[in-house]
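Subject: Structure for your review

Dear colleague,

Please find below the structure that I am handing over to you. I would be grateful if you could keep it open while reading the notes that follow.

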Amino acid sequence: MTKRHGYALLAAVLTVIVVVSAAIYIGVTGTDDDTKDQLSASPRGPRNSAAPASSGTWVGTWSASPAGAEPGTESHGMAGRSVRNVVHTSVGGESARITLSNLYGTQPLTITHASVAVAAASNNPAAAVDTLRRLTFRGDTSVVIPPGQQIVSDAARLRVPHDADLLVTTFSPATSGPVTYHPHARQISYVADGDHTEDPSGSAYHEQSPYWRYLSAVDVLSSESDGTVVVIGDSITDGISSTMGTNRRWTDVLADRLREESGAPRYSVVNQGISGNRVLSDGRPGLRGGPGANPSGLSRFHRDVLGRTGVKAVVIALGINDILRNRETDARRVADGLRELTRQAHARGLRVVGATLTPFGGHRGFTPALEGVRRSVNDEIRSGKVFDEVVDFDKALRDPYDPRALLDRYDSGDHLHPSDGGFRRMAQTFNLTHLKGTSAAEL
């Protein structure tokens, strides 16, 4: 063979190698997402959770404000136990990430494993088939959260449905001190002994819990939402009197309306209600100099509202506990506190819709003097000098023959908190266009 023929043969062989390599590359990179997950996943473990680059907007699909330290957990926390929180989505997405909080802890919180999955059914600890994803934190499966701090997980690729339950599970191997929790979940979650974060069956989760522990937010990368509406409120927003496990808080119904009604803003809804919350004052003092339980609206606004993912608009439904619990007799102080929240939102370019204070006639704390304060606060709210827009929950729920009290069919029975029908009426009263309107409060 001549040298010339040898060079030609070598060139032909190299060409074949390049063509075959390109075909292999195209075959792999062109594989659909589900197939790639199967290729990279262990057949028995959670599928690959690494989130690919994708179009969409990060928004909050669920949240709950840390409200205090769980009683009885001061010495051991949840050491050696798996906590499976059940939460409900307001919008769907293609990837998910979570926020874990050790706000009320007094020592570092170690999480060695965490996972997220779509629930197989409502009020159930089992995961839907092939949805369990291992979560990481800066690429590691374990994380240590200092006292008073929070951490956001890496994004996990998971098709999250709207209006569905998610299971978010954490395992803490060691003593961690007080558990940061949200006590009035109106949703049953689950606990298991040992590390069962990657157990899709849920068979180990024999203990039920009415709390949300450690988990304070779930975000999704969404193509169906342009931003987040954050609602800050008290027990009426927290949904304390709604039917357990049915997602009938007024914020749940508002999320349904925003998702289903034509012409509505493409927003998710997250609920930052804390039962007993006030505009002006905190609840109990914190442990060992830590933050106080049930922090006031003014003190938690930056954390719970301005700090939420993708926030575009704010709904404020606070003030009744300043009057009813603190016996505040100066309506101007309550109105001024609400104005300050609006100013803080405006400083971030956010629109604010505020709610009038609902009646509590017949409640054990009712007095004619406090009723006068409530009406004065509502007059100021309706004047347009507190919020950009007003949703009139008072008018929607009150008895027309006795405006001091809730209409019977909207009363849960304690003459303060609405029934499921009352919550639905509140959401139906909401003018959705106010979330993207142009009028501004005359502060």
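Apart from its neighbours within four places in sequence, Gly283 is in contact with Arg278, Ala293 and Asn294. Please note that the model is a predicted one. Gly283 lies in the loop that connects strand 18 and helix 5. Is this residue buried or exposed? Neither term applies, because its relative accessible area of 28% makes Gly283 partly exposed; the buried class ends under 20% and the exposed class begins over 50%. The C-alpha atom of Gly283 is separated by 9.6 Å from that of Ala67, although the two residues are 216 residues apart along the chain.

The loop leads to helix 5, so I turn to that helix next. Helix 5 covers residues 297-306, and its buried residues are Gly297, Arg300, Phe301, Asp304, Val305 and Leu306. In an α-helix, residues three or four places apart point the same way, because there are 3.6 residues a turn. What do the buried residues of helix 5 pack against? Their partners are three strands, namely strand 17 (227-233), strand 18 (267-273) and strand 19 (311-317), together with helix 7 (331-347).

Helix 7 also meets helix 8, which spans residues 368-382. The axes of these two helices come within 9 Å and cross at roughly 40°. Helix 7 and helix 8 are therefore oblique to each other, and the crossing is right-handed. On the side of helix 7, the contact is made by Ala331, Val334, Ala335, Leu338 and Arg339, while helix 8 contributes Val373, Ser376, Val377, Glu380 and Ile381. Sorted by class, this contact has seven nonpolar residues, one polar residue and two charged residues.

A further feature is an open sheet of six strands, in the order 7-6-11-3-13-14, with antiparallel pairing. Its edge strands are strand 7 (133-134) and strand 14 (207-209), each of which pairs on one side only. Within the sheet, strand 6 (residues 113-118) and strand 11 (residues 165-172) run antiparallel and are joined by six bridges. Ala117 has Leu167 of strand 11 as its bridge partner. In general, the strands of a sheet pair through backbone hydrogen bonds.

Finally, here is the chain as a whole. Its secondary structure comes to 10 helices and 23 strands, and 55% of its 443 residues are buried. Of the contacts between residues at least 6 apart in sequence, 80% join residues at least 24 apart.

Yours sincerely,
A colleague

Methods:
Residues are numbered from 1 along each chain as its sequence is written. This is a predicted model: local features need pLDDT of at least 70, side-chain atom pairs count only at pLDDT 80 or more; totals for chains, interfaces and linings use all residues. Side-chain values use heavy atoms; hydrogens and water are left out. Buried means under 20% relative accessible area, exposed over 50%, partly exposed in between (1.4 Å probe, protein chains only). Helices (H or I, at least four residues) and strands (E, at least two) are DSSP runs, numbered from the N terminus. Contact means heavy atoms within 4.5 Å. Two strands pair if DSSP finds at least two bridges between them. Axes are lines fitted to C-alpha atoms, for helices over the stretch in contact, and angles run from 0 to 180 degrees between N-to-C directions. Angles under 35 degrees count as roughly parallel, over 145 as roughly antiparallel, 65 to 115 as roughly perpendicular and the rest as oblique. A crossing is left-handed if the near helix is turned anticlockwise from the far one by less than a right angle, and right-handed if clockwise. Ala, Val, Leu, Ile, Met, Phe, Trp, Tyr, Cys and Pro count as nonpolar, Asp, Glu, Lys and Arg as charged, and the others, Gly among them, as polar.
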